[in-house]
Amino acid sequence: MSRAGATCPSCGSSNIVDDELYSQAQLVCVDCGTVVSEGVLASDPVGGSDVSYSRTTAVAKKPCPNLIKGLQRVRALCRILRVKSEIEDLSQTYYSQAYQHVSFINVTLHKKEVLAGCCVLVSCRLLNWPITMGTISCLLDADPDLVGVIYKEMVKILNIEAPIVNLTDVIATHIQEYKISSADVSGDLAVNSQDLTKRAVALVELAADAWIVTGRRPIPIMMAAIYLAWQSLKPTKQRLKFSLDKFCQLAKVKKHQPAAKRITEIKEMLCKLGKEIPWVRETVSPENVARQVEDILQYRFALLRRALRTHEEALLDECQASCQDSPAEEAVLSHSSEPVDQTPNAPSLEQCEMNAEREPGDEHENLCTEPQSDTQESQAPAPNWGKRLLFVPPCVIHPKRRRMEQPDLKDVTGDEEISDSEIDSYIRTPQETRDFARTQKILSLSESDK
Amino acid sequence: MDSSNDEALDIIITNVVATFRTRCHLNLRTIALEGTNVIYKPEVGKVLMKLRKPTITASIWSSGKIICTGATSEDEAKLGARRLARCLQKLGFKVRFSAFKVVNVLAVCSMPFAIHLIDFTKNNRPIASYEPELHPAATYRIKNLKATIQVFSTGSLTVTGPNVQNVATAVEQVYPLLFEVRKPICK
C-alpha cells in the first residue's frame with residue numbers, strides 16, 4: 001500500500017509503498033527502487049526485552065509444600081510432648097525462619113525433620129520446659145550427633161541464647177516414661193512416681209557433688225538414679241536381685257549401656273558415705289548399699305563431713321608414715337581440716353534449699369572445701385589432687401600420661417645441619433627396593449588368586 | 001588479678017601443624033617404594049611418612065604440598081620439615097623448600113582450681129558456648145587472636161591457635177574470667 005505524503009529523495013515520486021523484506025519494515029519507492037526508510041530488524045530493545053521470562057510466566061507464589069509439612073511436623077512433636085501452646089507457636093516461628101535461611105533451604109528432608117525437632121527443643125528451653133536432646137533424638141529416630149550439629153547451627157543462625165537444662169528438672173519428665181506404677185506392674189515391684197522422683201532427684205544431686213554428673217550424658221545418669229531409687233524404696237531381696245536389664249524390660253524402656261557404669265560409680269560413692277553411718281554393723285558393700293540409701297540421703301551432710309574427716313585422717317597418717325620432713329606440714333593439714341567441718345555446712349544447708357535452680361554441682365563448692373588452699377599448696381605440694389580429696393572426677397584418678405620430653409631437642413632452632421647419614425636411614429637401598437617390589441608383587445598375586 | 005601469680009601456669013604444647021611446598025611434582029609411587037616408614041594411600045592420593053626424630057608425621061601430596069603434624073614446638077616443626085625435604089631430595093626429586101608456615105598449634109593447660117561452667121558461660125555470652133549434652137567443655141572463641149579455648153570443669157584447658165604466641169596470649173586473656181568463676185577445690 002502506498003504511503004501518502006512521502007516523496008522519494010532521489011526521483012521525487014510520491015509512489016512509496018510499505019514493503020516488508022524478511023519482516024523488516026521498509027518504505028520503498030516503486031519507480032526507482034530506493035529504500036526511503038527502514039525499521040529496526042528486531043523490535044525488541046537491545047539486550048533483551050524489559051520483562052524477564054520468569055516474570056512473564058510467573059504464577060501466584062505458593063508456599064513451599066515441604067515448609068508446610070515441616071510446620072505440621074513441629075506441631076505434631078509439640079502435641080506428643082504435650083507442651084504449652086506458647087512453645088508450639090514459638091517453635092513454628094523459629095522453624096519458618098530457619099527454613100528460609102540459606103543453610104537450611106537445600107538440605108535433605110531428613111535434616112529438615114531434625115531441624116523441626118531442634119526448634120521444638122530450643123523453644124522448650126527458652127520457656128523453661130525441661131527436655132533433653134536425647135528425648136528429641138529418640139522422638140525423631142535420628143543420630144544424636146546429627147541433632148547436635150543442626151541444633152548448634154540453628155542457634156547460631158537465629159542468634160538465640162538458650163538457658164542450659166538442669167538435670168533435676170528433667171528427671172521428673174523423664175520418669176513419666178518408666179512404667180512402674182501400680183497400674184502397670186504387679187504390687188511388690190510397683191512404686192509411687194512422686195516418691196521415685198524425690199529419691200532419684202536426691203541421688204542425682206548427691207552424685208553431682210561426687211563429680212559423677214559433670215561432663216556425662218544426662219540420660220544414663222537418670223536411668224541409674226531411677227534404678228537405684230526404685231531398689232532402695234523397698235529393698236526386698238526380689239528387688240535387689242533385679243539387674244538393670246530386667247528393670248528396663250519391666251519399665252519398658254530401652255537400656256543405655258553407660259548406665260551400668262554410672263550405677264557402679266554411684267554405688268561406690270554411696271559405700272564411701274555408708275561406711276560412716278554409726279549404727280550399721282555389717283560392712284557396707286555395693287550389693288547391700290541399697291538398704292542404706294534412705295539413711296544416707298537423710299543424713300547426707302553429716303555423713304559427708306565425717307567421710308571427709310576420715311579421709312583426711314587417713315592421709316595424715318600416710319603423710320606421717322612416709323615423709324618425715326616438716327612438722328609444719330602436718331600442722332597446716334590439721335589446721336585446715338577443722339574449719340572445713342564447721343564453717344561451710346551451716347550456710348550450705350540454706351543455700352542448697354534456696355538455689356534449687358543452680359546446677360547441683362554447686363553444692364560441691366560448699367561442702368568439699370579446703371579454704372586455706374594457697375598456704376597448703378605452697379608448703380606441701382601434693383603429687384596429685386586426686387589423692388587429696390575424697391571425691392574426684394575419673395580423669396584425675398587416671399591421668400593421661402604425657403609424652404616424655406626428649407631432652408636433646410630442647411634447643412632446636414629449626415635451621416640446623418642435617419647430615420646425609422641421617423637422611424639415608426629413611427631411604428631404602430636399591431637392593432631393598434627390589435626385594436620390596438618383588439614381595440609386593442607376590443602378595444598381590446596371591447591375593448588375586450584367592 | 002593477673003596471671004603472673006605465685007605459680008606460673010604451665011602451657012604444654014602438644015601438637016604443631018605446619019605446611020610447606022616443594023615446588024615440584026612428586027611421584028608418590030617412587031616415594032612409597034624407596035622410602036622407609038611410609039604408608040601409601042592411593043585411594044586418597046597421598047603418602048604418609050613418619051620421621052623418627054623429631055617425631056613427625058607428614059602427608060605428602062603429589063602436587064608437592066606437604067603437611068607436617070606431631071611436632072612439639074615451632075622450631076621442631078621446621079627442622080622436621082627440612083629433614084623431610086632433604087629426604088625427598090635424596091630420593092631424586094628437585095625439591096626446593098619454600099612457603100613454610102605453621103598453621104595450627106594445640107596446647108593444654110591446667111588451672112589450679114575447678115571451674116563452674118554455667119556461670120562462666122552466662123558471664124561471657126555469646127563468646128562462650130556450652131552444651132552439656134553434646135560436649136562436656138565450654139568453648140570460648142577469641143576472634144582477634146583466632147584462638148579457640150575449650151574449658152573443662154576440672155580446670156583443664158585445651159587451646160588451639162595459629163601460633164604459639166597467640167596461644168599464650170589467649171590463656172592470659174581467659175585466666176581472669178576463669179578465676180572469677182572458680183570452685184574452691186584446691187590442687
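**Chain A, overall**

I started by going through the secondary structure of chain A, and I get 23 helices and four strands. This is a predicted model, a point I keep in mind for every entry here. I then looked up burial: chain A has 450 residues, and 40% of them count as buried. For contact range, I took the contacts in chain A with a separation of 6 or more; residues 24 or more positions apart account for 62% of them.

**Domains of chain A**

The domain assignment splits chain A into domain 1 (1–48), domain 2 (65–165) and domain 3 (169–298). I checked the spacing of the last two: the C-alpha centres of domain 2 and domain 3 of chain A lie 32 Å apart. Their contact takes seven residues from domain 2 of chain A and eight residues from domain 3 of chain A.

How much area do domain 2 and domain 3 of chain A bury between them? I read about 500 Å², with 73% of it on carbon and sulfur atoms. On the domain 2 side, A:Pro130, A:Thr132 and A:Thr135 lose the most area to domain 3 of chain A, and together they make up 65% of what that side buries. By class, that side of domain 2 has three nonpolar, three polar and one charged residues.

I went looking for polar links across this contact. Between domain 2 and domain 3 of chain A I count zero salt bridges. Residue pairs in polar contact, both at pLDDT 80 or more, also come to zero between domain 2 and domain 3 of chain A.

**Two residues in domain 2 of chain A**

I picked A:Ser137 next, which sits in helix α6 (residues 133–140) of chain A. Buried or exposed? A:Ser137 counts as buried, because its relative accessibility is 7% and the cut-off for buried is under 20%. Leaving aside neighbours within four places in sequence, I find A:Ser137 in contact with A:Ala142, A:Pro144 and A:Val147.

A:Asn159 caught my eye for its backbone: its phi is positive, about 60°, although the residue is not a glycine. I find A:Asn159 in the loop between α7 (144–158) and α8 (167–175) of chain A. A:Asn159 counts as exposed because its relative accessibility is 66%, and exposed means over 50%.

**Where chain B meets chain A**

On to the chain contact, which takes 47 residues from chain B and 53 residues from chain A. I noted the buried area: chain B and chain A bury about 4900 Å² between them, 57% of it on carbon and sulfur atoms.

How many salt bridges are there between chain B and chain A? I get two. In one that I looked up, the side chains of A:Arg125 and B:Glu133 meet at 3.0 Å, N to O. The tally of residue pairs in polar contact between chain B and chain A, both at pLDDT 80 or more, is 10.

I also asked which elements of chain B give two or more residues to the side that touches chain A. These are β1 (11–21), α1 (28–34), β3 (46–51) and α2 (74–90) of chain B. Of these, α2(B) gives the most, with nine residues. By class, the side of chain B that touches chain A has 21 nonpolar, nine polar and 17 charged residues.

**Chain B, domains and backbone oddities**

The domain assignment of chain B gives domain 1 (16–103) and domain 2 (111–183). I have their C-alpha centres 34 Å apart.

Then I went through the backbone of chain B. As a reminder to myself, most residues other than glycine have a negative phi, and most peptide bonds are trans. Which peptide bonds did I mark as cis? The bond from B:Lys53 to B:Pro54 is cis, with omega near 5°. B:Pro54 has its place in the loop between β3 and β4 (56–61) of chain B. The bond from B:Arg125 to B:Pro126 is cis as well, with omega near -10°. I place B:Pro126 in the loop between α3 (117–123) and β8 (128–129) of chain B.

Last entry: B:Ala99. I read its phi as near 55°, a positive value in a residue other than glycine. B:Ala99 is in strand β6 (residues 98–110) of chain B. B:Ala99 counts as partly exposed because its relative accessibility is 46%, which falls in between the buried cut-off of under 20% and the exposed one of over 50%.

Notes
Residues are numbered from 1 along each chain as its sequence is written. Chains are lettered from A and ligands numbered from 1 in the order in which they are written. This is a predicted model: local features need pLDDT of at least 70, side-chain atom pairs count only at pLDDT 80 or more; totals for chains, interfaces and linings use all residues. Side-chain values use heavy atoms; hydrogens and water are left out. Contact means heavy atoms within 4.5 Å. Buried area is the accessible area (1.4 Å probe) that two parts lose on being put together, summed over both. A salt bridge is a side-chain nitrogen of Lys or Arg within 4 Å of a carboxyl oxygen of Asp or Glu. A polar contact is a pair of N or O atoms within 3.5 Å; within protein, one must be able to donate a hydrogen and the other to accept it, and residues adjacent in sequence count only if both atoms are side-chain atoms. Ala, Val, Leu, Ile, Met, Phe, Trp, Tyr, Cys and Pro count as nonpolar, Asp, Glu, Lys and Arg as charged, and the others, Gly among them, as polar. Domain bounds come from an automatic or database domain assignment. Buried means under 20% relative accessible area, exposed over 50%, partly exposed in between (1.4 Å probe, protein chains only).
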